[in-house]
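I opened this entry to record what I looked up in one structure. The notes follow the order in which I checked things.

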Amino acid sequence: MQAFETIEVDSLKVACDGGRGPLGHPRVFLNMGDKHQVECPYCSRLYVLKAGAKVSGGH
Ligand SMILES: [Zn+2]
């Protein structure tokens, strides 16, 4: 399934508020976990870890 939009980030934790416009939603924090990608349940943006990004262990 095609994601609405793919956004590369350099952190496993991202905050998404859908941006401005019709897809805006309350800010939520998403954690990619081991897959290094996560889709926002509100606006279907797909967040992926940037290639080469340093991932720190633990929390
Ligand atoms: Zn979102």
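**Entry 1: term needed for the metal site.** Before looking at the geometry I fixed the criterion: four donors count as tetrahedral if all angles lie between 85 and 135 degrees. I also noted that the model is predicted.

**Entry 2: confidence.** I looked up the pLDDT values before reading any coordinates. The mean for the protein is 88, and 88% of its residues reach 70 or more. I then compared confidence in the strands, where the lowest mean is 94, in β1 (residues 5–9), and the highest is 97, in β3. I keep one caution in mind: where pLDDT is low, the predicted coordinates should not be read in detail.

**Entry 3: overall layout.** I listed the secondary structure and found five strands and zero helices. Read from the N terminus, the order of elements is β-β-β-β-β. The protein has 59 residues, of which 29% count as buried. I also looked up the sequence separation of contacts: among those between residues at least 6 apart, 39% join residues at least 24 apart.

**Entry 4: the zinc site.** Which protein atoms are the donors of the zinc ion? I found Cys16 (SG), His25 (NE2), Cys40 (SG) and Cys43 (SG), lying 2.1 to 2.3 Å from the ion. The angles among the four donor atoms are 103 to 115 degrees, and the site is tetrahedral. Along the sequence I read the spacing of the donor residues as C-x8-H-x14-C-x2-C. Two of these donors, Cys16 and Cys43, link distant parts of the chain: Cys16 is in strand β2 and Cys43 is in the loop between β4 (37–39) and β5 (45–49), 27 residues apart.

I checked the accessibility of that pair next. Cys16 has a relative accessibility of 1% and counts as buried. Cys43, at 3%, counts as buried too.

**Entry 5: His25.** I placed His25 in the loop between β2 (13–16) and β3 (28–31). Is His25 buried or exposed? His25 is buried, because its relative accessible area is 12% and the cut-off for buried is under 20%. Leaving out residues up to four places away in sequence, I found that His25 touches Cys16, Asp17, Gly18, Cys40, Tyr42 and Cys43. Among these neighbours are the zinc donors Cys16, Cys40 and Cys43. I also noted a distance of 3.3 Å between a polar atom of the His25 side chain and the backbone nitrogen of Gly18.

**Entry 6: Leu23.** I looked at Leu23, which also lies in the loop between β2 and β3. Leu23 is partly exposed, because its relative accessible area is 33%, and partly exposed covers the range between under 20% and over 50%. With residues up to four places away left out, Leu23 touches Phe4, Asp17, Gly18 and Cys43. The last of these, Cys43, is a donor of the zinc ion. I also took the C-alpha separation of Leu23 and Arg45, which is 9.8 Å for residues 22 apart along the chain.

**Entry 7: β5 and its partners.** How many residues of β5 are buried? I found five of its five, so to record it plainly, the strand is mostly covered. Both faces are covered: Arg45, Tyr47 and Leu49 on one side are buried, as are Leu46 and Val48 on the other.

I then traced the pairing. β1 and β5 run parallel and are joined by five bridges; in this pairing Thr6 stands opposite Leu46. β4 and β5 run antiparallel and are joined by three bridges, and here Val38 stands opposite Tyr47. β4 and β5 form a hairpin with five residues between them. In the turn, Ser44 has a positive phi of about 65 degrees.

**Entry 8: Glu5.** I ended with Glu5, which is found in strand β1. At 32% relative accessibility, Glu5 counts as partly exposed. Not counting residues up to four places away, Glu5 touches Ser44, Arg45 and Leu46. What does the side chain of Glu5 make a polar contact with? I found the side chain of Arg45, at 3.4 Å. The C-alpha atoms of Glu5 and Arg45 are separated by 4.8 Å, although the residues are 40 apart along the chain.

Methods
Residues are numbered from 1 along each chain as its sequence is written. This is a predicted model: local features need pLDDT of at least 70, side-chain atom pairs count only at pLDDT 80 or more; totals for chains, interfaces and linings use all residues. Side-chain values use heavy atoms; hydrogens and water are left out. Helices (H or I, at least four residues) and strands (E, at least two) are DSSP runs, numbered from the N terminus. Buried means under 20% relative accessible area, exposed over 50%, partly exposed in between (1.4 Å probe, protein chains only). A polar contact is a pair of N or O atoms within 3.5 Å; within protein, one must be able to donate a hydrogen and the other to accept it, and residues adjacent in sequence count only if both atoms are side-chain atoms. Contact means heavy atoms within 4.5 Å. Donors are N, O and S atoms within 2.8 Å of the metal (3.2 Å for Na, K and Ca); water is not among the atoms, so sites may look incomplete. Four donors count as tetrahedral if all angles lie between 85 and 135 degrees; four count as square planar and six as octahedral if opposite donors are over 155 degrees apart and all others between 65 and 115; anything else is irregular. pLDDT is the predictor's confidence in each residue, from 0 to 100. Two strands pair if DSSP finds at least two bridges between them.
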